[in-house]
Protein chains: 2
Amino acid sequence: MAKDQKQFVKEITDMTVDFPQWYTDVVLKTGLVDYGPVKGTMVIRPYGYEIWENIQAELNKRFKATGHKNAYFPMFIPYSFLVKEADHVEGFAPEVALVTHIGNTPLEENLVVRPTSETIICSMYAKWVQSYRDLPVLINQWANVVRWEKTTRPFLRTSEFLWQEGHTLHRTEEEAREETLKMLEVYREFMQNVLAVDVLVGKKTEKEKFAGAVDTYTMEAMMLDGKSLQAGTSHYLGQNFASAFEIKYLDSDGQQKRPYQTSWGVSTRLIGALIMAHGDQRGLKLPPRVAPIQVAVVPVAQHKEGVLEKAKEVANELIKAGIRVEFDDREQSPGWKFNEWEMKGVPIRLELGPRDIENGQVVLARRDTNEKVTAPIENIADTVAKLLDDIHENMFKQSHDFTYSHIIDCENMDEMKVALDDKNFVRTMWCGCRECEDKIKAELQATSRCMPFDQSAAGRLKNKCVCCGKDASTVLYFARAY
Amino acid sequence: MAKDQKQFVKEITDMTVDFPQWYTDVVLKTGLVDYGPVKGTMVIRPYGYEIWENIQAELNKRFKATGHKNAYFPMFIPYSFLVKEADHVEGFAPEVALVTHIGNTPLEENLVVRPTSETIICSMYAKWVQSYRDLPVLINQWANVVRWEKTTRPFLRTSEFLWQEGHTLHRTEEEAREETLKMLEVYREFMQNVLAVDVLVGKKTEKEKFAGAVDTYTMEAMMLDGKSLQAGTSHYLGQNFASAFEIKYLDSDGQQKRPYQTSWGVSTRLIGALIMAHGDQRGLKLPPRVAPIQVAVVPVAQHKEGVLEKAKEVANELIKAGIRVEFDDREQSPGWKFNEWEMKGVPIRLELGPRDIENGQVVLARRDTNEKVTAPIENIADTVAKLLDDIHENMFKQSHDFTYSHIIDCENMDEMKVALDDKNFVRTMWCGCRECEDKIKAELQATSRCMPFDQSAAGRLKNKCVCCGKDASTVLYFARAY
């Protein structure tokens, strides 16, 4: 068993020595993902894809509860559509994949493989929306999108990735702004209550907002290396695309008007987020509510009479209660299996040997704390369900405490440098000008993450810009980021 | 009310006069689908997409129960991969979409947007499979695919469509052949028990098989115009792709061996199938198990005291029982609503007015038979659940009876012509040669659909080829087809 353990640990790089390599080891060696044959692409393997399916199910519930319906729009966008919104084309044109031929035959107009779907969806909304009675339009799409990136990493940044994109139209600016913030709140609640990852929420600066948006709101999650990961965004688009695509409706007062628009999305990036927010030296630590396997049932001394039968019985009882179970009766030693399920981040390992059966109990090993407790076989499903909730709560608390203990208030560039080098987020006052953001990026390799809704730090920090020293009234987070 | 009804019927072309136009009217006017801006593409609107989601959920259950897991492979395939399997490239090269540029920059190698994923998946399997312990590999993918078609129709044939593709690897030919037939059987059971559509199952001829397969099995569904729709296929691929992609494994006897492979798929085409197998002059008739709305609750005289409240209460009771309900308290007249829900194919309309409340009953109108019955409000959820099952059974029986009453045994080309012109499938004896299939296609515009597993007709038909008159021992179906 000692030998097995050593072998497994050897497979994964020490996260304190080389965090990026730890990440790569974890995602490849636990079978979440593999590199595709085309540079920058990824294959999402079954263990990774099941996390995505669980994310989808949880988000679909929330989208439906807020009145949205799913639909599917074509992946190919006429190049001329991309050009209609000036900021949008500037943002996306350099990185889009272009379809120019069918077989050997050139197309009359090149097609863009969607990097996002505002343009094609607006072209349809222009057709569907005629009257104020057609509003609001509340549609979401699950789809693959393509953005050709120079530096890629599985889940975090790949040429093709999977996501959802909500696209809504509203009668008034007020209603559209309300929707923008409502969906950000849906994301925040999901991050905390499902992925057990804490996030900072707020508004992006002009420099960092979505190409084509009036305002972009974001949630930023802190990874264990102190870097920020933009986990999801919600955009108030105003009438920018509605004007470009001439969407208009007849209002109840007989006037033709332009609707107001939002879009919002999260992607397979979330899988990268939960890995880097929760993992440890042994590998993955999956939040119970999306873990493909919530409990690995490992019989001990499984050749002994009655062990496999009893273990199977316990496993079936858990399955009946809706718990996701892997029953592991493979030939390998229990120690080998323990290490594998730990590396794969399974929240609970349930062990059951002859002595346990005699005592009417099982051993439950928690992945989050590495604690082992015994529990009666009676009512085992209830015990396990409660333990899964405890694990979730504990993981969220860890993420929350880690995040807030790594936010440093800074009042000048020297303080900022120290804080960033020490793997922290930086909370500062900012004058509002782009030049300061550019300078901070150039000198400290940090970008502005968001102007938090919670601006209370303004009362503690002196009201001078961290960079230029001019008057400043806005609290802004900076961090190094994925 | 009479005026409303007339208006609705006018919107949909008479199916006996122009079936293709009836289909187009139905899919567009019920909000299932719309044309995309690029020729040959479709937008799947929420009402259509929800049918697809229900299809996915039902199939996922069955794929999981047979040991398969979902995964996701990149959409872009290096052109060189496509060329590795000779039949495969011949079949697909003319209709693939080619990505040649990123922004303004040409790619070193052109990329194919997947028309199907055998090649890219095999390139990964070659990496993942080393030992007999890695077999079988049982993976399914839900994805969009692109095949550029000259003649397109929503759901039936579009440049981009959604589908699932299973790709499995096995140690022996026997096991792979068993998998091929097992998945065809999963499809058949799904068609009958979920979509309420009967199918004929059997093997494709050499002429009609998948580009790269050893054997292709199919299920063929009869549409109401007597044409056949290939509703799903399952391929035994032998070692064709495994050889092209050099997949090999170390067997327990110490020898390097090639695995045997299968692939199988169904697509959004199934939505076209259920529309054309069940619809009628009033529009859609959706099978209850995939209908986005199973029950439309329509209050009658909803301005009267207590009506809306009671109707809402009944609707909530149904929703609590897991039934998909639309509560329709819009301003329009009940007659207008009745027509709309009929056109949209909702299996049950539940009406509830002041007199019904007095009598403690509701009115249930079946879409399949147009019958209206009253039922007590007490235990309404059980009553409705049972009625949905009855409707399913009745719709399946109609599909079954229609299919088998439109199969005509033919022994010569003249008989065939009459049978096909009368909108039937033709069951014949066939000598086994390609020339006869080509001739039948040229002269009668019919294609071979399958050699049915049930070859019992060979005892009734004379043992001569329907086309060339030579000795024939194979029963083969021909039909005009989508």
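**View 1. A:V99 and its partner across the chain boundary.** In this predicted model, A:V99 stands opposite B:V99 in β5(B). The strand β5 of chain A, residues 97-102, is joined to β5(B) by five bridges, and the two run antiparallel. Strands (E, at least two residues) and helices (H or I, at least four) are DSSP runs numbered from the N terminus, and two strands pair if DSSP finds at least two bridges between them. Residues are numbered from 1 along each chain as its sequence is written, and chains are lettered from A and ligands numbered from 1 in the order in which they are written. As the model is predicted, local features need pLDDT of at least 70 and side-chain atom pairs count only at pLDDT 80 or more, whereas totals for chains, interfaces and linings use all residues.

**View 2. The open sheet shared by chains A and B.** Six strands form this sheet in the order β4(A)-β6(A)-β5(A)-β5(B)-β6(B)-β4(B), with antiparallel pairing. At the edges are β4 (76-78) of chain A and β4 (76-78) of chain B, each of which pairs on one side only. On average, neighbouring strands of the sheet are turned by 45 degrees against each other, direction ignored (axes are lines fitted to C-alpha atoms, for helices over the stretch in contact, and angles run from 0 to 180 degrees between N-to-C directions). Within chain B, four bridges join β5(B) to β6 (residues 105-113), and these strands run antiparallel. There, B:H101 stands opposite B:P106 in β6(B).

**View 3. The side of chain B that touches chain A.** Contacts (C-beta atoms, placed from the backbone, within 7 Å) link 41 residues of chain B with 41 residues of chain A. Strand β5 (residues 97-102) of chain B gives the most to this side, with six residues.

**View 4. Helix α3 of chain A.** This helix covers residues 46-65; its 20 residues reach 28 Å from first C-alpha to last, close to the 28 Å expected at 1.5 Å a residue (the expected span is 1.5 Å times one less than the number of residues). The buried residues of α3(A) include A:W52, A:I55, A:L59 and A:F63. A residue is buried if 20 or more other C-beta atoms, placed from the backbone, lie within 10 Å of its own, exposed if 12 or fewer, and partly exposed in between. A:G67, with a positive phi near 90 degrees, follows α3(A).

**View 5. The loop holding B:K462.** B:K462 is found between β22 (447-452) and β23 (474-479) of chain B. B:K462 is exposed, with 11 other C-beta atoms within 10 Å.

Conventions: Two residues are in contact if their C-beta atoms, placed from the backbone, lie within 7 Å.
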